[in-house]
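This report walks through the fold of a single protein chain, sheet by sheet and then residue by residue. Please keep the structure open while reading.

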Amino acid sequence: MQWVKVLGGVVGAAALLGLGIILGHFAIPKGANVPAPSVSQDLDLEILETVMQQLEASRIRENLRELSREPHLASSPRDEALVQLLLQRWQDPESGLDAAEAPAYEVLLSFPSQEQPNHVAVVSPTGSVVFSCRQSEQNLTGEQVGPDVVPPYAAYAPPGTPQGLLVYANRGTEEDFMNLQTQGIKLEGTIALTRYGGAGRGAKAVNAAKYGVAGVLVYTDPADINDGQSSANETFPNSWCLPPSGVERGSYYEYFGDPLTPYLPANPSSFRLDPDAAPGFPPIPAQPIGFDDAKSLLCQVNVSVHNRRELRNSSNVLGIIRGAVEPDRYVLYGNHRDSWVHGAVDPSSGTAVLLELSRVLGTLLKKGTWRPRRSIVFASWGAEEFGLIGSTEFTEEFFSKLQERTVAYINVDISVFANATLRAQGTPPVQSVIFAAAKQIPAPSPVGLSIYDNWIRYSNRSSPAYGVVPSLGSLGAGSDYAPFIHFLGISSMDIAYTYDRSKTSARIYPTYHTAFDTFGYVDKFVDPGFSSHQAVARTAGSVLLRLSDSLFLPLNVSDYGETLRSFLQAAQQHLGGLLEQHSISLGRLVTAVEKFEAAAKALEQHRSALQKGSPDPLQVRMLNDQLMLLERTFLNPRAFPEERYYSHVLWAPRTSSVATFPGLANACSRAMNTSLGSEAWAEVRRQLSILVVALEGAAATLRPVADL
C-alpha cells in the first residue's frame with residue numbers, strides 16, 4: 001500500500017498528499033524569517049558565493065562514509081534506513097527544508113535465491129563437477145561477505161539449469177552470434193560466454209536466444225576495465241583495478257520503470273500486467289562471473305539460476321523548498337539511493353553531494369537569509385539499479401504537473417568516477433548554464449585554472465558560435481534523467497567528475513557494481529581529499545541556483561540550432577544520395593531547421609532587449625515559459641511505437657552509425673536493402689514528416705506568443 005510521510009513546520013502537514021498539493025498549496029511555515037518576495041528577484045551573487053564557500057569536502061566525505069557503511073540493495077532494511085536518514089536531514093530544525101516526504105511504490109524486483117544459490121560449473125561427460133565458479137567475491141577487505149552482500153546475479157534473468165557446450169561469443173551482439181553461425185559453429189543448446197560492453201546486459205540474452213543458445217554468462221574483461229591489469233598484486237586493494245574475483249551485477253530488464261505498470265504509477269489501484277507475460281525480461285537464464293573464473297571455463301558447462309521475482313515497496317524521498325515568487329515552477333535535483341552492494345561510488349558519491357548541498361541551502365533557508373525564486377525539489381530515487389524505477393514511477397504519477405511546471409532536471413548520480421576533469425551531459429539549452437557555473441569555480445587541480453578551463457583541456461569541440469568549448473555529451477538512458485528527457489521532454493543534465501582518457505581506456509570505474517565499491521576504495525583511489533566531490537557539489541549547486549533564482553531562465557535555445565544543423569549536415573552527407581534514389585527530398589527538413597534557427601535568434605534578441613529595460617513580470621513569465629517548453633515540442637509519443645517511453649525525436653536510441661536524427665537514421669538503415677515502395681521506405685517518409693512537424697512546432701513555440 002502506498003504511504004506518504006510529510007515532514008516540516010506546516011500546520012496540517014499530515015493531510016497533504018502528493019507533490020502537487022505540497023507545491024501547489026504549501027504555505028511558508030508561520031513565523032519563518034523570510035525576505036519579502038519581489039517579482040523582480042534575480043540571482044544574488046553574494047548568496048551564490050556563500051553557498052560555494054560553505055560546501056565542505058570533509059562533510060561530503062563523512063556523508064559517504066555513512067551512506068556506504070552497509071550494503072543497501074533496493075527495498076532492503078538498510079535502504080529503508082537511508083530513507084529515514086534523508087527524512088531526518090531534511091526536517092532538521094537548523095538545516096532542513098520546507099517539507100519532505102517518502103512516497104512508496106509497489107514494484108516488481110528480482111533477487112537471487114538464498115536457499116538455492118546461483119551456480120556455474122564445468123562438468124564431465126559423466127556429469128561430475130570438474131570446476132565450480134565462485135559464488136561470491138573474494139573477501140579482500142572484510143566487506144565482501146555478510147548476510148547483506150547480495151551474491152553476483154543477473155536481475156530479472158529467469159530461473160533454469162541449462163547445460164551445454166561453451167561457446168565464446170565476444171560481446172554478445174547479434175553480429176557476434178551471426179559470425180559464429182557463419183563459421184559453421186552450432187549454437188543450439190550451447191552456453192554463450194560473453195564480455196560486458198558492445199550490447200546491453202539484457203540484449204546479450206535476447207541476441208543469444210535468437211540463435212538457440214540455452215544460457216548466457218557475462219564477465220568483465222580486464223582489457224575493458226583494467227587497462228589489461230589482471231593479477232592480484234596489480235588490482236584492488238593494491239590499486240583501483242578490479243580484482244580477478246570481481247563480478248558486475250546489474251539489471252537485465254530491457255525497459256525502464258516498473259515492469260508490470262508501464263505508463264502507470266505502481267500504486268495499489270493501478271492495473272498490472274501478468275508477470276509471466278510481461279515483455280522485456282531475458283528469455284534465457286543468465287549469470288555474471290569474474291574474469292578469473294572465465295579463464296577456467298572449458299567444454300561442458302552447467303548454469304543453475306534460481307532468481308525469483310517479487311513485489312516489494314520501494315520509496316522515493318523528496319525534499320522541497322518552496323519558491324518565493326514562482327512556486328509553481330520547479331527545478332528538480334535528483335540521484336538514486338539504492339546500490340547493488342556498498343555502492344560508495346555508485347550511487348552514494350552523488351547522494352553525499354546531494355546531502356551537503358541541501359544542508360547548505362537548508363541552513364540559509366532556516367536563517368531566513370534566502371529563499372529561491374522558483375521551487376526546488378531534491379529527490380532520492382528508489383530502485384534505480386533495477387531499471388530507473390523510482391524516477392519513472394514519479395514521472396508517470398505526476399506526468400501532467402511536471403510537464404507543465406518543471407524548468408529543468410539536474411542529475412548527479414555517480415558524482416566522481418575519477419578526479420581528472422568535469423564531465424557533463426545534457427540537452428543543448430543547458431550548455432550555457434553549465435559553462436557559466438564552471439567558469440566561476442576553481443578546479444581542484446591544476447591550481448590556477450577554473451573547472452571550465454581544466455575541462456576544455458580534456459574534452460573539447462569547435463563551435464561555430466563560440467569557438468573551442470568543452471564537449472557536452474548527450475543523454476542516453478543510463479540514469480534517472482531518462483524519463484525526464486525521453487518521456488516528459490524536460491531539459492536535463494548529468495554532472496560528474498571523470499577520468500583522463502589519455503591515461504585509461506576503462507569503460508567505467510573498475511569496481512562498478514561489485515562488492516569492492518567501498519568507502520575505502522573512494523577514499524584511497526578515486527578521490528583522496530574529496531576535492532573532486534566538492535567541485536561537483538559547487539558546479540551542480542551553482543547550476544541549481546542559477547536555474548532557481550535567475551529572473552530570466554539561463555537556458556539558451558540558440559544552442560539547439562548547432563545540434564540541428566549538425567544533424568542536418570550528417571543526413572545530407574550520409575543519407576542524401578540514398579534518399580534521392582527513392583525520390584525523397586530533404587528540402588522541407590532544411591527549411592524547418594532554418595525556421596528554427598531564425599526563431600531562436602529572434603527570441604534571444606527579445607530576451608536581450610528585455611534584460612536591458614525594466615520588463616513587466618508577465619513579459620518575463622511568457623519568455624521563460626517559451627524557454628521552458630521548447631524541449632516538449634520535440635516529443636511525439638507515436639514516433640517510436642516499438643520503444644517504451646522514448647518519444648523525443650532528437651534523442652531516441654539510434655542504431656544507425658550515422659550521427660543524425662535517430663528516427664530518420666534508423667528507418668533508412670532498415671530500408672536500405674528493401675524494394676522501392678516497401679513499408680520500410682514508407683516508414684522513412686513518416687519519420688521525415690515527424691521531424692519536420694516537430695521542428696516547425698519548435699520554431700512556432702519560440703516565436704512571439706501573440707503570433708498564433
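Which residue of strand 16 stands opposite V331? In this predicted model, the residue opposite V331 is A408 of strand 16.

**The first seven-stranded sheet**

Strand 14 (residues 326-336) and strand 16 (residues 406-411) are paired in the parallel sense, with five bridges between them. Both belong to an open sheet of seven strands, whose order is 1-13-15-14-16-20-17 and whose pairing is mixed. The edges of this sheet are strand 1 and strand 17 (421-426), and because each has a single partner strand, one side of each is left without a neighbour in the sheet. Direction ignored, neighbouring strands here are turned against each other by 20 degrees on average.

Two helices that pack on this sheet can be described next. Helix 4 touches strand 1, strand 13 and strand 15, and its direction makes about 10 degrees with that of strand 13. Helix 16 (residues 531-549) touches strand 14, strand 15, strand 16, strand 17 and strand 20 (492-498), and its direction makes about 160 degrees with that of strand 20.

**Helix 4 and its surroundings**

Helix 4 (residues 77-90) has 14 residues, which at 1.5 Å a residue should span 20 Å, and the end C-alpha atoms are indeed 20 Å apart, in agreement with that expectation. Its buried residues are R78, D79, L82, V83, L85, L86, L87 and W90. The elements that cover them include helix 3 (57-67), strand 1 (99-101), strand 12 (308-315), strand 13 (317-321), helix 9 (344-367) and strand 15 (374-381).

In the loop between helix 3 and helix 4 lies S75, a residue other than glycine with a positive phi, near 75 degrees. Is S75 buried or exposed? Its relative accessibility is 14%, and because the cut-off for a buried residue is under 20%, S75 counts as buried.

**The second seven-stranded sheet**

Another open sheet of seven strands has the order 4-3-11-6-7-8-10, again with mixed pairing. Strand 4 (129-132) and strand 10 (286-289) stand at its edges, and since each has a single partner strand, one side of each is left without a neighbour in the sheet. In this sheet the average turn between neighbouring strands, direction ignored, is 35 degrees.

Strand 11 (residues 300-304) has four of its five residues buried, so it is largely enclosed by the rest of the structure. The table sets out its two antiparallel pairings.

| Strand paired with strand 11 | Bridges | Residue and its bridge partner in strand 11 |
|---|---|---|
| Strand 3 (residues 119-123) | Four bridges | A121 with N302 |
| Strand 6 | Three bridges | G164 with V301 |

Elsewhere in this sheet, helix 6 (residues 201-210) lies across strand 7 (191-195) and strand 8 (215-219), and runs at about 145 degrees to strand 8.

Between strand 6 (163-168) and helix 5 (174-182) is a loop that holds N170. N170 is another residue other than glycine with a positive phi, near 55 degrees, and with a relative accessible area of 24% it is partly exposed.

UniProt, in an unreviewed entry, lists residues 165-250 as "domain: PA". Over residues 165-250 the chain is 27% helix and 17% strand, and the end C-alpha atoms are 25 Å apart.

**Nonpolar cores**

In soluble globular proteins, nonpolar side chains tend to be buried together. The largest nonpolar core of this model has 199 residues, and those with the most contacts inside it are V51, Y333, F378, F386, I410 and L664. Helix 22 (residues 679-702) supplies the largest share of this core, 12 residues. Leaving aside neighbours within four places in sequence, L664 is in contact with A571, L575, L586, V684, Q687, L688 and L691. A second core, separate from the largest one, has 18 residues and includes A154, F177, L180 and V218.

**Two cis peptide bonds**

The bond that joins D346 and P347 is a cis peptide bond, with omega about 10 degrees, and P347 lies in helix 9. The peptide bond from S445 to P446 is also cis, with omega near -5 degrees. P446 is placed in the loop between helix 12 (431-439) and helix 13 (451-458).

Note on methods: Residues numbered from 1 in each chain as written. Predicted model: local features only at pLDDT ≥ 70, side-chain atom pairs only at ≥ 80, totals over all residues. Heavy atoms only, no water. Expected span 1.5 Å × (residues − 1). Buried < 20%, exposed > 50% of the residue type's maximum accessible area, 1.4 Å probe, protein only. Contact = heavy atoms within 4.5 Å. Core = buried A, V, L, I, M, F, W, Y, C linked by side-chain atoms within 4.5 Å. Pairing = 2+ DSSP bridges. Axes fitted to C-alpha atoms, helices over the stretch in contact; angles between N-to-C directions. UniProt positions renumbered as here; feature names shortened; annotations may be inferred.
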